[in-house]
Structure formats: structure tokens, C-alpha cells
Amino acid sequence: MNNGSSPLVTMILFAYNQEEYISDAVNGALAQDYPFLEVILSDDCSKDKTFQIMRDIVNSYTGPHSIVLNRNVENLGLIGHVNKCFGMATGELIVGAAGDDISDSNRAS
């Protein structure tokens with residue numbers, strides 16, 4: 001998808017027990033205006049409805065970005081979760097966001 005002049009960017013949204021904010025956070029990540037974007041939505045085995053909300057939004061997404069939805073089978077903790085997601089990323093640059101971050105549409109740009 002890349003035109004060769006702009007790098008592929010991976011935006012990673014790290015979530016854990018953030019059902020109150022996750023809808024706005026995911027929608028902000030998916031609304032990015034940067035055209036060469038991979039979005040990794042990753043839940044660190046939340047005990048609430050965080051992952052279900054993420055999955056529902058992804059299932060109805062029809063936008064241009066490549067989406068990776070991940071749910072860890074066990075809680076890895078912050079550093080373990082970050083390391084796992086960095087290993088999943090394919091972009092040349094990584095933009096990080098937490099499950100309670102509501103990103104402006106130009107965050108990845």
C-alpha cells in the first residue's frame with residue numbers, strides 16, 4: 001500500500017481494564033488521517049469488557065487502515081505487553097497510545 005516515499009507507521013493501542021474509555025480510544029486510533037497505517041489494538045487479558053468493545057468496533061470497521069486485533073491469553077504486565085506488541089509491528093515508525101488516550105486524527109501524521 002505504501003507509495004515508497006512515506007513510511008509505514010504502526011499505531012499501537014495498549015489496553016487493560018479500560019472499558020470506560022476504550023471505545024473513544026479505538027475510534028480515535030481508527031480515525032487517523034495518515035494513509036500508510038497499521039493499527040494494533042491489543043488487550044492485556046482485561047477482566048472487564050475492554051476486549052469485547054474493541055472487537056465489536058473492529059468488526060464494524062470499513063476504513064482504509066490495516067488492523068491487527070490482539071488479546072493476550074494471560075496478563076503480561078506493561079513491559080511484557082509492550083514487548084509483545086513491538087514484535088507484532090511491521091511499520092518503520094511506532095506511535096503508542098494507551099487505552100484511555102483519545103487521539104486527534106493527526107497523531108500518526
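User: Which residue of S4 stands opposite Met-11?
Analyst: Val-95 in strand S4 is the residue opposite Met-11. This is a predicted model, in which local features need pLDDT of at least 70, side-chain atom pairs count only at pLDDT 80 or more, and totals for chains, interfaces and linings use all residues. Residues are numbered from 1 along each chain as its sequence is written, and side-chain values use heavy atoms, with hydrogens and water left out. Strands (E, at least two residues) and helices (H or I, at least four) are DSSP runs, numbered from the N terminus.

User: What makes S1 and S4 a pair, and how many bridges join them?
Analyst: Strands pair if DSSP finds at least two bridges between them. Six bridges join S1 to S4 (residues 93-98), and the two run parallel, so the condition is met. Another bridge partner in S4 is Ile-94, which belongs to Thr-10.

User: How many bridges join S1 to S2?
Analyst: Seven bridges join S1 to strand S2 (residues 37-43), again in parallel. Within this pair, Leu-13 faces Leu-41.

User: What is the order of the strands in the open sheet?
Analyst: The four strands follow the order S3-S2-S1-S4, with parallel pairing. S3 and S4 are called edge strands, as each pairs on one side only. From one strand to the next, the twist averages 15 degrees; axes are lines fitted to C-alpha atoms (for helices over the stretch in contact), and angles run from 0 to 180 degrees between N-to-C directions.

User: Why is S1 called largely enclosed by the rest of the structure?
Analyst: The term buried requires under 20% relative accessible area, while exposed requires over 50% and partly exposed lies in between (1.4 Å probe, protein chains only). Seven of the seven residues of S1 (residues 9-15) are buried, and therefore the strand is largely enclosed. One side carries Val-9, Met-11, Leu-13 and Ala-15, and the other carries Thr-10, Ile-12 and Phe-14.

User: Which elements does H1 touch when it packs on the sheet?
Analyst: H1 touches S1, S2, S3 and S4, and its direction makes about 180 degrees with that of S1; touching, or contact, means heavy atoms within 4.5 Å. Helix H3 (residues 77-88) also lies across these four strands, running at about 150 degrees to S1.

User: Which residues of H1 are buried, and what covers them?
Analyst: The buried residues are Ile-22, Ala-25, Val-26, Gly-28, Ala-29 and Leu-30. Their cover includes S1, S2, H2, S3 (66-71) and S4.

User: What handedness does the β-α-β unit of S1, H1 and S2 have?
Analyst: The unit is right-handed. That word applies if, with the strands pointing away from the viewer, the path from the first strand over the helix to the second runs clockwise.

User: How is the packing of H1 and H2 described?
Analyst: Two packed helices are described by the angle between their axes and the distance between the axes. For H1 (residues 22-30) and H2 (residues 50-59), the angle is about 35 degrees and the axes are 9 Å apart. The crossing is right-handed: the near helix is turned clockwise from the far one by less than a right angle, whereas an anticlockwise turn would be left-handed.

User: Which residues make the contact of H1 with H2?
Analyst: H1 contributes Ile-22, Ser-23, Val-26, Asn-27 and Leu-30, and H2 contributes Thr-50, Ile-53, Met-54 and Ile-57. Six of them are nonpolar, three polar and none charged; Ala, Val, Leu, Ile, Met, Phe, Trp, Tyr, Cys and Pro count as nonpolar, Asp, Glu, Lys and Arg as charged, and the others, Gly among them, as polar.

User: Why is Cys-45 counted as buried?
Analyst: Cys-45 has 19% relative accessibility, and therefore counts as buried. It is found in the loop between S2 and H2 and has a positive phi of about 60 degrees although it is not a glycine.

User: Why is Asn-17 called partly exposed?
Analyst: Its relative accessible area is 32%, and therefore Asn-17 is partly exposed. Asn-17 lies in the loop between S1 and H1, with phi near 50 degrees, a positive value in a residue other than glycine.

User: Is Asn-72 buried or exposed?
Analyst: Asn-72 is buried, with a relative accessible area of 1%. This residue sits in the loop between S3 and H3. Leaving aside neighbours within four places in sequence, its contacts are Ser-42, Asp-43, Asp-44, Cys-45, His-81 and Lys-84.
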